[in-house]
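Please open the structure in your viewer and keep the sequence beside it, ready to select residues by number. The tour below goes from one selection to the next and says what can be found at each stop.

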Amino acid sequence: MHIAVIGAGSWGTALATVLGQKHTAVKLWVRSPALAEQIQLTRDNATYLPGCNLPHSVAVTHNLEEVAAEASLIVLVTPSHAIRQTAAKLAPYIRSGTILVTAAKGLELSSVKRLSEIITEELPVIAGQIAVLSGPNHAEEVALRYPTATVIAAKSRKVAEYIQDTFMLPYFRVYTNPDMIGVELAGALKNVIALGAGISDGLGFGDNAKSALMTRGLAEIARLGMAMGANPLTFAGLAGIGDLIATCTSIHSRNRRAGLMLAEGKTVDEIQAETSMVVEGIRATKAAFQLAAKYKVDMPITDQLYRVLYQNKSPKDAVLELMTRSRTHEVEEVALANLNWN
């Protein structure tokens with residue numbers, strides 16, 4: 001089996017390490033020629049995941065054709081905004097039997113499409129062989145071989161189980177799920193709520209506030225997901241609540257750190273200038289705001305975060321507005337059913 005990992009950020013490097021421990025022909029594509037040379041020589045990606053020693057079974061190169069031409073499995077791990085462009089560049093090397101897994105989390109801002117939809121448009125020859133990997137997976141912990149669980153979503157059970165077997169290791173457990181819509185939306189939109197969790201921590205609001213934010217955030221993610229055709233049970237799984245917990249609470253979370261900076265009064269431009277990695281939640285907030293309007297779904301947390309990010313609203317004012325909204329039921333179906341309470 002020839003496996004290509006496209007993208008050598010922290011997560012791409014970690015996944016190449018996982019695959020390299022089980023397979024003998026893994027190639028990692030690095031966008032920067034200088035970084036590719038450095039990683040190949042030192043076996044360490046000091047820029048994005050220092051201390052993660054790549055197995056010698058992983059070859060590192062800047063040549064996309066060299067990586068992709070022979071690959072039976074391609075793992076796409078570029079930032080979400082680069083997915084369409086990267087898929088288009090891969091098109092000449094894709095064969096009808098190639099399986100592609102996207103491990104990025106996000107939505108295309110211009111079209112608000114899911115990443116698997118974008119890949120399908122650019123690579124129609126493998127439309128039935130595209131899958132999604134998502135879950136509570138911090139690259140730093142995977143690199144240290146800490147116990148980790150993730151989920152593979154695909155339309156085809158055969159494809160999902162093939163990928164499951166390809167990735168499974170004693171410390172890296174893989175589950176399967178047929179709900180690509182729910183898995184992708186959960187992975188993209190948890191970054192929005194993580195920005196809010198960082199703001200809450202930055203303002204010193206404590207555990208009560210953050211747990212409420214996470215719970216109500218998951219409710220509005222699920223509400224949008226169901227409107228778009230997702231299975232509500234997906235949001236109670238690894239891609240949903242699992243990833244939400246990890247991203248909202250971890251010191252490794254870039255989105256939570258960005259929320260801390262927002263609480264300090266920093267602008268989006270200042271936040272992006274201070275990190276070499278992409279903060280996916282910033283783009284995802286705008287995409288989620290547009291999807292909420294398109295599907296007529298109430299997403300109050302997303303709405304307030306959009307106003308903080310793009311309309312210069314004070315984080316404290318956003319919290320106050322959320323806390324003083326008109327009263328409602330926790331479970332919307334109670335109101336819809338018009339139940340008679342004693």
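What follows is a walk through a predicted model, with strands, helices, loops and a core as its stops.

**The paired strands**

Begin by selecting residues 3–6, which form strand β1, together with residues 26–29, which form strand β2; these two strands run parallel and are joined by 4 bridges. Within this pair, I6 stands opposite W29 of β2. If you now add residues 10–20, you will have helix α1 on display, and β1, α1 and β2 make up a right-handed β-α-β unit.

Keep β2 in view and select residues 58–61, which are strand β5: β2 and β5 pair in the parallel sense, again through bridges, of which there are 4. W29 can serve as the guide here, since its bridge partner in β5 is T61, while I6 is the residue that stands opposite W29 on the β1 side.

From there, move on to L64, which lies in helix α3, residues 64–68. Is L64 buried or exposed? With a relative accessibility of 14%, L64 counts as buried. Select K27 as well, and you will find that the C-alpha atoms of L64 and K27 are 9.9 Å apart in space, although the two residues are 37 apart in sequence.

**Helix α8**

The next selection is residues 180–202, helix α8, whose 23 residues reach 34 Å from the first C-alpha to the last, close to the 33 Å expected at 1.5 Å a residue. Look along α8 for a kink of about 25°, which is centred on G187. When the rest of the structure is shown again, α8 is largely enclosed by it, because 20 of the 23 residues of this helix are buried. Just after α8 comes G204, which takes a positive phi of about 75°.

**The largest nonpolar core**

Stay with α8 and select L107, L189, I193, L224, F235 and C248, which are the residues that touch the most other members of the largest nonpolar core, a set of 49 residues. Among the elements that each supply at least two residues of this core are β9 (148–154), α9 (206–227), α10 (238–249) and α11 (254–263). Which helix gives the core its largest share? That helix is α8, from which 12 residues of the core come. As a general background to this stop, nonpolar side chains tend to be buried together in soluble globular proteins.

**Two cysteines**

C248 deserves a second look, for it is buried, with a relative accessible area of 0%. Select C52 next, which is also buried, at a relative accessible area of 1%. How many disulfides does the structure hold? There are 0 disulfides in it.

**Two loop residues**

For the last stops, go to K296, which sits in the loop between α13 (280–295) and α14 (300–310). K296 is not a glycine, yet it has a positive phi of about 55°, and it is exposed, with a relative accessible area of 74%.

Then follow the chain past α14 to N312, whose place is in the loop between α14 and α15 (315–323). The phi of N312 is near 60°, which is again a positive value in a residue other than glycine, and N312 is exposed, at a relative accessible area of 71%.

Terms used: Residues are numbered from 1 along each chain as its sequence is written. This is a predicted model: local features need pLDDT of at least 70, side-chain atom pairs count only at pLDDT 80 or more; totals for chains, interfaces and linings use all residues. Side-chain values use heavy atoms; hydrogens and water are left out. A disulfide is a pair of cysteine sulfur atoms within 2.5 Å. Buried means under 20% relative accessible area, exposed over 50%, partly exposed in between (1.4 Å probe, protein chains only). Two strands pair if DSSP finds at least two bridges between them. A crossover is right-handed if, with the strands pointing away from the viewer, the path from the first strand over the helix to the second runs clockwise. The expected span of a helix is 1.5 Å times one less than its number of residues. The bend at a residue is the angle between axes fitted to the seven residues ending there and the seven starting there. A nonpolar core is a set of buried Ala, Val, Leu, Ile, Met, Phe, Trp, Tyr and Cys residues joined through side-chain atoms within 4.5 Å.
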